[in-house]
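Hi,

Here is the structure I promised to pass on. Have a look at it first, and then read my notes underneath.

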Amino acid sequence: MSAPIDAPEPPAAPEDRPDPRLERRLARSAARLAAVQALFQMEATGADMRAVQAEFETHRLGQRIDDVEYREADIALFRSLLAGAVTRQIEIDQITDQALVERWPLGRIDPTLRALFRAAGAELLTGSRTPHKVVINEFVDVAKAFYPEGKEARFVNAVLDHMARRIRPDAFA
């Protein structure tokens, strides 16, 4: 015998339900990736932060674009990273510059990596409760998404480790 058409569906089995901790972690990862993309777009086009933020929140995050599904992002983290990167850009750029070898000033770095360092620097500087190791690992994963076959992930790891030591020295004591 089949169930009536208007009958409620049975509750999902526990193994079918999404893990809320995993969903939160994935939303935070999506926010970090989106922040790097937004910062890149701001630099490349000269667009205002508010305009780019609104575009991402309205037309990208959680949307399907050209057969690519963009994951829902932690909007609070996305906004915090953008605002922090913009308002503290000079400080973040100085810290990043100190982490780079002399022959590679920040101006010579790929704009995607520059955006990544600014977003990561913003997260490290905001005093977030996220441990520096998690921040570094998350942004290394972002680097891998942009440069899947390159050495950039190791480079990002080294620079972010240096930045974290300057920004959060107590974490390394």
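Below is what I found, from the overall picture down to single side chains.

First, the ground rules: this is a predicted model, so local features need pLDDT of at least 70 and side-chain atom pairs count only at pLDDT 80 or more, while totals for chains, interfaces and linings use all residues. Residues are numbered from 1 along each chain as its sequence is written, and side-chain values use heavy atoms, with hydrogens and water left out.

On confidence, pLDDT is the predictor's confidence in each residue, from 0 to 100. Its mean for the protein is 84, and 81% of the residues reach 70 or more. Residues 1-5 stay under 50, and the model gives them zero contacts beyond four places in sequence; a contact means heavy atoms within 4.5 Å. Where pLDDT is low, the predicted coordinates should not be read in detail.

Now the fold. There are seven helices and two strands, following the pattern α-α-β-β-α-α-α-α-α along the sequence. Helices (H or I, at least four residues) and strands (E, at least two) are DSSP runs, numbered from the N terminus. Of the 173 residues, 38% count as buried; buried means under 20% relative accessible area, exposed over 50%, and partly exposed in between (1.4 Å probe, protein chains only). Among contacts between residues at least 6 apart in sequence, 68% join residues at least 24 apart.

Helix α5 (residues 111-125) is a good place to start, and Thr112 belongs to it. Thr112 counts as buried at 13% relative accessibility, and touches Val36, Phe40, Phe146 and Tyr147, leaving aside residues up to four places away in sequence. Ala115 is in α5 too and is buried at 1%. With the same neighbours in sequence left out, Ala115 touches Val36, Leu39 and Phe40. Its C-alpha is 7.5 Å from that of Gln37, although the two are 78 residues apart in sequence.

What about aromatic pairs? The structure holds two. In one of them, the ring centres of Phe117 and Phe155 are 6.0 Å apart and the planes are at 70 degrees, so the pair is edge-to-face. Phe117 lies in α5 and Phe155 in α7, so this pair ties together parts that are 38 residues apart in sequence. For the cut-offs, rings of Phe, Tyr and Trp (its six-membered ring) pair if their centres lie within 6.5 Å; planes under 30 degrees apart count as stacked, over 60 as edge-to-face and the rest as tilted. Phe117 is buried at 0%, whereas Phe155 is partly exposed at 31%.

There are also 11 salt bridges, each a side-chain nitrogen of Lys or Arg within 4 Å of a carboxyl oxygen of Asp or Glu. One of them joins Asp74 and Arg24 (3.5 Å, N to O). Asp74 lies in the loop between β2 (68-69) and α3 and Arg24 in α1, so parts 50 residues apart in sequence are tied together. Asp74 is buried, with a relative accessible area of 15%. Another bridge joins Arg118 and Glu43 (3.2 Å, N to O). Here α5 holds Arg118 and α1 holds Glu43, so the pair ties together parts 75 residues apart. Arg118 is buried at 11%, while Glu43 is partly exposed at 35%.

Cheers
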